[in-house]
Amino acid sequence: MKKKCALLLLVLVAASKLGLAQQNTIAINSATAKVTISKNIYGHFAEHLGHCIYDGFYVGDTSKIPNTNGVRNDIIDALKKLKIPNLRWPGGCFADTYHWKDGIGPKDKRPAMVNKWWGGVTEDNSFGTHDFLNMCELLGAEPYLSGNVGSGTVQELADWVQYTNFKGKSPMSDLRTQNGRTEPWKVKLWGIGNEAWGCGGNMKPEYYADEYRKYATFISDWENSGGLLRIASGASDADYNWTETLMKNIPLNMLGGVAMHHYSVLDWNKKGPAIEFSEEQYFGIMKQALLMDELVTKHAAVMDKYDPAKKIALVVDEWGGWYDVEKGTNPGFLYQQNTIRDAMIAGVTLNIFNNHADRVRIANLAQCVNVLQAVILTNKEKMILTPTYHVMEMYNVHQNATLLPLTVTGNDYTFNGQKLPAVSASASKDSTGAIHISLVNIDPAHAQKIDVNIGDEKVKTVAAKVLTSKKLQDYNSFTEPDKIKPVVFKDLALNKNILSITVPPTSVIVVTLK
């Protein structure tokens, strides 16, 4: 017996030295699959913040950078490849200081404004409603407009809806035609304010619920015949009372979605660096990212009390990693680099959203270009794709696919006596019958051997791609734009109904079974 124990110990020690942890198991239960993963979970966010809009998306039609009506062609091409389903605009905090009529008509006649929230810069309003909605048409993305409740009026928002959506003759549709657009854009997604508990007005939930009811009434009619998805400004993190108050006080027929915001941040006063971070800081950020599962579960449980049929969407329209800005950049521009750590945040978060697709039906990564956990960074004519971009491209196979419920049993990633689940996963079956399994190993020191039981699924071919790098702190730069990108992965095998795969440290893998 002692010899057996000693032999087992030697095997475990050898495995540890090789960086290979004990085995993990995943069981897929296709028999209970009935929920569709909405493509809108993979949405993005474009706020008037730093160089997201100006010198990001928008360079102006006189720029030497190839563009369409001032919008960079390379960004459009990259986002189309990403299959971006929706784009939220103009904020964020900016939304509740933005007056849309200042951004229409001849550009040289538009009044300037000061962006009080982000850097105190003066903007000329050259990028407005037409520019944004026409850009969404180029992208093939659904526009998600955030209405101004904080400093605006009900009439102002009602006019915006009529301007963008009304086909017949009216003051606003006439004005739209005068400004060069005859056909309406038919915008369906409307946010009624943003962060009403904070920068959107420091409101109490009871007060905001009444404000929401008023705005929702006047931007549509009692039957909501315009088919708008009206989204209430939701809670920050674990403020379940906010969600409960809205669900209790707003008639369900007036409510399309309730928002919720959660950022992976260590400390709002000391966020830590985006690149030269320690493993302690990495562990803390991953703990915050994985907290999303608890937050979504508990907010959904509150909603279930009032909406057991799950008609109302939980809309996580701001999520992502938030760090200190890069040295030498404007603190109000929130420019940060994007490492393998960000790929881990994206991978586990999207797995969480997929697995909660019965309630989470819209989400928006913050933000799209040059701000926070961006998928694209620009520097004059140059453009790079970040590790987060690559994760979202790998995961776009889940869009509008059927969620395959799964059970994960496995190892922990341990650090200084604390532990987190090392493996995160989600799976789906698309309209062609192909199965896609997304796997994340957040452990920076140990590979994870995983056996995936695919049940009764009939499979002929197996293929996979992996995104990883040697160091957690690695990133794509303007001198090394392709340092981190997906490559073919072959360390896997299918034997009958068991897929065996070894996931390297801090990596994201998407497996396709056909």
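Which residues of H10 are buried? In this predicted model, they are Pro387, Thr388, Tyr389, His390, Val391, Met392, Met394 and Tyr395.

**View 1. Helix H10 is largely enclosed by the rest of the structure.** The helix spans residues 387–395. Eight of its nine residues are buried, so the surrounding structure encloses most of it.

**View 2. Strand E10 is mostly covered and pairs with E9 and E11.** E10 covers residues 229–236, and six of its eight residues are buried. Strand E9 (residues 189–192) runs parallel to E10, joined by four bridges. Here Leu189 stands opposite Leu229. Strand E11 (residues 257–264) also pairs with E10 in the parallel sense, over four bridges. There Ala235 faces Met260.

**View 3. Helices H6 and H7 belong to right-handed β-α-β units.** E9, H6 (residues 205–219) and E10 make one such unit. E10, H7 (residues 240–249) and E11 make another.

**View 4. Tyr208 and Trp242 form an aromatic pair.** The whole structure holds 21 aromatic pairs. In this one, the ring centres are 5.9 Å apart and the planes meet at 25 degrees, under the 30 degrees that counts as stacked. Tyr208 lies in H6 and Trp242 in H7, so the pair ties together parts 34 residues apart in sequence. Both Tyr208 and Trp242 are buried.

**View 5. Many aromatic residues form one cluster.** Among its members are Tyr54, Trp89, Phe127, Trp160 and Trp190.

**View 6. Arg341 lies over two aromatic rings.** Arg341 is 3.7 Å from the ring centre of Phe277, over the face. Arg341 also lies over the face of Tyr323, at 3.9 Å from the ring centre.

Definitions and conventions:
Residues are numbered from 1 along each chain as its sequence is written. This is a predicted model: local features need pLDDT of at least 70, side-chain atom pairs count only at pLDDT 80 or more; totals for chains, interfaces and linings use all residues. Side-chain values use heavy atoms; hydrogens and water are left out. Buried means under 20% relative accessible area, exposed over 50%, partly exposed in between (1.4 Å probe, protein chains only). Helices (H or I, at least four residues) and strands (E, at least two) are DSSP runs, numbered from the N terminus. Two strands pair if DSSP finds at least two bridges between them. A crossover is right-handed if, with the strands pointing away from the viewer, the path from the first strand over the helix to the second runs clockwise. Rings of Phe, Tyr and Trp (its six-membered ring) pair if their centres lie within 6.5 Å; planes under 30 degrees apart count as stacked, over 60 as edge-to-face and the rest as tilted. A charge sits over a ring if NZ of Lys or CZ of Arg is within 6 Å of the ring centre and within 35 degrees of the ring normal.
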